[in-house]
Amino acid sequence: MIHLKNVDKWYGDFHALSDVTFDIAKGEVIVICGPSGSGKSTLIRTLNRLEEIQSGSIVVDGQDIHEKGLDVNLFRSRIGFVFQQFNLFPHLTALQNCTLALTRLKHVAKNDARERCMGLLERVGLADKAHSFPAQLSGGQQQRVAIARALAMSPPVMLFDEPTSALDPEMVGEVLQVIKDLAQDGMTMVCVTHEMGFAREVCDRVVFMDKGMILDVAAPDDFFCHPDHPRARKFLADILAPMAGVSCDLI
């Protein structure tokens, strides 16, 4: 579904991504983790060209996303992206946020778009909030609306960039549960997150990054209990330090 080969990205003199090569299969759930500044969010944002790369290639669902003449906006409309900060339109209701792209970009009839999006809001547990504005919703509810909005376009891939980082702790679980449900349905997903318990429970593989490089790729049980790379071992040790004596079975 996604193929990255020798991808490099710079911000001026800062080498944000270094020779990244990686494949993601259809239906696979990938969690990208690592310390702050390791390149996680930069990597996921290259997958729909929110960030441009300087060298290498990225193919998504058979499409070379840097092919000359590519309609970038059309391509992006086919890739679901859930941001840290929700990015809902404040002047539109939850339902209107979800139907906007369907009616404007795909030219779906308004009644059909409403029916589809009401079903998606019900799926994320917010059918009763369809006519509420973002300011009337909690952070967790706003993020669930953002997920429903992304799903409305029937994307082959869903990308999540730290979807719970802007939420209060008690709201994290409700968003993670929606993502877990999507994973069980076989959706191809790439998720940047610091929620290690979620990663171990849901993902097929963990990708560990540091200094713009992929240092370790492993099944979750292997990564959390027997990480190969010394930097990954230190990362996990730092996470577990506040819970001294807690076994790896609890993360």
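Trainee: What is the volume of the largest pocket?

Mentor: In this predicted model, the largest pocket has a volume of about 640 Å³. Of the 21 residues lining it, the closest to its centre are R76, S77, A101, L105 and R149. The elements that give two or more residues to that lining are α2 (72–76), β6 (79–82), α3 (94–104) and α5 (139–151).

Trainee: What makes R76 and S77 lining residues of that pocket?

Mentor: A lining residue has an atom within 4 Å of a pocket point. R76 and S77 are listed in the lining of the largest pocket, so each has an atom within that cut-off.

Trainee: Which element gives the most to this lining?

Mentor: That's α3, with four residues. By class, the lining of the largest pocket divides into twelve nonpolar, six polar and three charged residues.

Trainee: And the second largest pocket, what is its volume?

Mentor: About 250 Å³. Here α3 again gives the most, with six residues, and α4 (110–123) also gives two or more.

Trainee: Why do K110, R114 and H131 not all count as charged in the lining of the second largest pocket?

Mentor: All three line the second largest pocket. Asp, Glu, Lys and Arg count as charged, so K110 and R114 are in that class, while H131 goes with the polar residues. The full split for this pocket is three nonpolar, five polar and three charged.

Trainee: How many cavities of 30 Å³ or more does the structure hold?

Mentor: One. About 60 Å³ of space lies in the largest cavity, so the cut-off of 30 Å³ is met.

Trainee: Why is that space called a cavity and not a pocket?

Mentor: A 1.4 Å probe fits inside but cannot get out, whereas a pocket is open, so the name is cavity.

Trainee: What makes the cavity lining nonpolar or polar?

Mentor: The lining has eleven nonpolar residues, with no polar and no charged ones. Among them are L4, F22, I32 and V207. Leu, Phe, Ile and Val count as nonpolar, so these four fit that class. β2 (14–24) gives the most to this lining, with three residues.

Trainee: How do you know that L121 is in contact with V145?

Mentor: Contact means heavy atoms within 4.5 Å, so a pair listed as in contact meets that cut-off. L121 is in contact with V145, and also with residues including A94, C98 and A148. In the largest nonpolar core, which has 53 residues, L121 and V145 are among those that touch the most other members. Helix α6 (residues 169–184) provides the largest share of this core, eight residues.

Conventions. Residues numbered from 1 in each chain as written. Predicted model: local features only at pLDDT ≥ 70, side-chain atom pairs only at ≥ 80, totals over all residues. Heavy atoms only, no water. 1 Å grid on protein atoms, 1.4 Å probe; cavity = no way out; pocket = protein on both sides within 12 Å on 5 of 7 lines; lining within 4 Å. Points joined across faces, edges and corners; volume = space filled by probe spheres on them. Core = buried A, V, L, I, M, F, W, Y, C linked by side-chain atoms within 4.5 Å. Buried < 20%, exposed > 50% of the residue type's maximum accessible area, 1.4 Å probe, protein only. Lists of a residue's contacts leave out its neighbours within four places in sequence.
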